[in-house]
Amino acid sequence: MSSGKGQATLTLNKDAKIYIAGHRGMVGSAVKRKLEAEGFNNLVCRNSSELDLRNQQAVQSFFEKEQPDVVIDAAARVGGIMANNEYPWQFLYENLEIQNNIIAAAHQQEVDKLIFLGSSCIYPKHADQPMNEEALLTGSLEPTNQWYAIAKIAGVKMVDALRRQYDRNYVSLMPTNLYGPNDNFDLETSHVLPAMIRKFHEARINGHTPVPLWGTGSPMREFLHVDDVADAVFFALNHEMEHDLYNVGTGKDITIKDLALLIQDITGHEGDINWDTSKPDGTPRKLMDVSRMREAGWTYNIELEEGIRATYEWFKDHYDEIKEVKVKD
């Protein structure tokens, strides 16, 4: 892809030591696949049993020992409406701990480049649509995911502060709703798209039983395949990014009802869909203004139907080992 106006194209050294925080998650694993495919093999990864990112001293010691050149922070406690509602403390405190420790250690060790990954939920519930980066902190958040959003906003501002005060080459990328391989398919803690894939699949194999879904189906959502966000990370690593914050998405959305019908068709489910209108819809619409990233020179590649079909095939191939995320007190 071509670089945008004023965007200097860099060439990241293939020998650069790159630390991927959260490499086993959906985003981190996609970033790892992308870097390996591009010939980067000096990747540093630690799972949670090897490095507790909530432990400040452990993270500082890790950075002092490894001295990474590049840091990609894809580590976070994540989940859907139900998980955010039921575990507000974990979603706020643990995400603050994780990102504070990583970003501070990167700064202290003078890491050359850092990419901080967040979420579109940082924007106000009733932000003008499509939401641009200037909407940040201009209104109240969606109550059902405010805990996670507040933590991520703090991370964005940490990156901004380090750019302003220390001229750090750090940038925040805010993806829209992501899906793809290694997603969380736990029905209590997952996001809407993977939850639908599992519900429709299991209803089909159980005789096309009815599928219960939350809300009215009227909210509109934008979805991005995780391989596209990995591509955006790679783009940001190889370009001088003018701004501290960039939205990453498709710039196109779909109603939850139409998404359900699409997934029902892809999975081959022939039963009813039962909408529980006593359950919350969440934010009415969340469409990203992706013009800033487009002007920098990056756009998405994978269309929604193509991406869901590929994700469903991955889900079926890994059905006996699908990732489930339980939140512990």
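Let me start with the open sheet of six strands, which in this predicted model has the order 2-1-3-4-5-10, with parallel pairing. At its edges stand strand 2, residues 43-44, and strand 10, residues 245-248, and because each has a single partner strand, one side of each is left without a neighbour in the sheet.

Further in, strand 3, which covers residues 70-73, runs parallel to strand 4, residues 113-117, and the two are joined by four bridges. If you want a place to look on the screen, find Val-70, which stands opposite Lys-113 in strand 4.

Now, which helices lie on this sheet? Helix 1, residues 26-37, lies across strand 1 (18-21), strand 2, strand 3 and strand 4, and runs at about 155 degrees to strand 1. Helix 5, residues 146-166, also packs on the sheet, where it touches strand 4, strand 5 (169-175) and strand 10, and its direction makes about 155 degrees with that of strand 5.

Let me turn to a pair of helices. The axes of helix 6, residues 192-205, and helix 10, residues 304-317, come within 11 Å and cross at roughly 60 degrees; the two helices are therefore oblique to each other, and their crossing is right-handed. On the helix 6 side the contact is made by Leu-193, Ile-197, Arg-198, His-201 and Arg-204, while helix 10 contributes Leu-304, Ile-308, Thr-311, Tyr-312, Phe-315 and Lys-316. What is the character of the residues in this contact of helix 6 with helix 10? They divide into six nonpolar, two polar and three charged.

Next, the aromatic residues, where, counting rings whose centres lie within 6.5 Å, the total comes to nine aromatic pairs. One of them is formed by Phe-40 and Phe-234, an edge-to-face pair with 5.9 Å centre to centre and 75 degrees between the planes. Phe-40 lies in the loop between helix 1 and strand 2, whereas Phe-234 belongs to helix 7, residues 226-237, so this pair ties together parts that are 194 residues apart in sequence.

Finally, there is an open sheet formed by three strands in the order 11-8-13, and here the pairing is mixed. Strand 11 (254-255) and strand 13 (285-286) stand at the edges, each with a single partner strand, so one side of each is left without a neighbour in that sheet. Strand 8, residues 220-221, runs antiparallel to strand 11, to which two bridges join it, and the bridge partner of Met-220 in strand 11 is Thr-255.

How values were computed. Residues numbered from 1 in each chain as written. Predicted model: local features only at pLDDT ≥ 70, side-chain atom pairs only at ≥ 80, totals over all residues. Heavy atoms only, no water. Pairing = 2+ DSSP bridges. Contact = heavy atoms within 4.5 Å. Axes fitted to C-alpha atoms, helices over the stretch in contact; angles between N-to-C directions. Parallel < 35°, antiparallel > 145°, perpendicular 65-115°, else oblique. Left-handed = near helix turned anticlockwise from the far one by under 90°. Nonpolar A, V, L, I, M, F, W, Y, C, P; charged D, E, K, R; others polar. Phe/Tyr/Trp six-rings, centres within 6.5 Å; stacked < 30°, edge-to-face > 60°.
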